[in-house]
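Let's take a relaxed tour of how charged side chains pair up in this model, and then look at the strands around them. Have the structure open as you read.

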Amino acid sequence: MRVGEGFDIHRLVKGRKLILGGIELPSDVGEEAISDGDVLLHAIIDAMFGAVASGDIGTHFPEGEEYLGASSADLLGKAIEECHVRIINLDCNIFLERPKLAPYREKIRDNLSVLLSMPKESISIKAKTMEGLGAIGDGKAIAATAVILAEEKEKKK
């Protein structure tokens, strides 16, 4: 068994889509990033690489033209192939003032279940505001954490 922890944070800017867990949410701002900026998937990817002691998302997918506008769901697929683990349990926190995530939580869990090939019942998504404090509280940033419990799969020969 392996445990991994991930974290990501991005500025929020006008003219970008707000994407969480591969789902576009209605918002007048979105994540500023080289890729689509999905902080939740980035945190999950970091947790996966952490579980196998293999660096972080920047090590595997460095900034540059190759990943300009990349889908974080595609990056997650590549991370799954590289890490050779099966996620047993996923626990996430999303830190964002708005929009409120309650109406979208189940849709995000459903999509993560598909992307990670795991039961929805093993995925926890919690949303937190920062009570108006700091860049997140001012609506200028979004962050996410992810903790996974995983087991190693046999590598394909």
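Start with Glu152 and Arg2, whose side chains form a salt bridge with an N to O distance of 3.7 Å. This pair ties together distant parts of the chain: Glu152 sits in strand β7 (residues 141-152) and Arg2 in strand β1 (residues 2-14), which puts them 150 residues apart. Keep in mind that this is a predicted model.

Are these two side chains out in the open or tucked away? Glu152 counts as exposed because its relative accessibility is 56%, and the cut-off for exposed is over 50%. Arg2 has 29% relative accessibility, so it counts as partly exposed.

How many salt bridges are there by the rule used here? The count comes to eight. Here are three of them, side by side:

| Acidic residue | Basic residue | N to O distance |
|---|---|---|
| Glu152 | Arg2 | 3.7 Å |
| Glu24 | Lys17 | 3.9 Å |
| Asp91 | Lys126 | 2.4 Å |

Take the Lys126 and Asp91 pair, with its N to O distance of 2.4 Å. Again, distant parts of the chain are linked: Lys126 belongs to strand β6 (residues 123-128) and Asp91 to strand β5 (residues 85-95), 35 residues apart. Lys126 is partly exposed because its relative accessibility is 27%, and Asp91 is partly exposed too, at 29%. Some salt bridges also share partners, and in this way Glu106, Arg109, Asp110 and Lys120 are joined into one network.

As for the Glu24 and Lys17 pair in the table, Glu24 is partly exposed, with a relative accessibility of 49%. Why does that value not make Glu24 exposed? Exposed begins over 50%, so Glu24, at 49%, counts as partly exposed.

In general, side chains of opposite charge can pair when their charged atoms come close.

Now for the strands. Which way do β5 and β7 run relative to each other, parallel or antiparallel? They pair in the antiparallel sense, over 10 bridges. One place to look is Ile94, whose bridge partner in β7 is Ala144.

β5 also pairs with β6, this time in the parallel sense and over six bridges. Here you can look for Cys92, which has Ile125 as its bridge partner in β6. β5 and β6 are also the strands that hold Asp91 and Lys126.

Finally, follow the chain through helix α4 (residues 105-116): together with β5 and β6, this helix makes a right-handed β-α-β unit.

Terms used. Residues numbered from 1 in each chain as written. Predicted model: local features only at pLDDT ≥ 70, side-chain atom pairs only at ≥ 80, totals over all residues. Heavy atoms only, no water. Salt bridge = Lys/Arg side-chain N within 4 Å of Asp/Glu carboxyl O. Helix = DSSP H or I, 4+ residues; strand = E, 2+ residues; numbered from the N terminus. Buried < 20%, exposed > 50% of the residue type's maximum accessible area, 1.4 Å probe, protein only. Pairing = 2+ DSSP bridges. Right-handed = clockwise from strand over helix to strand, strands pointing away.
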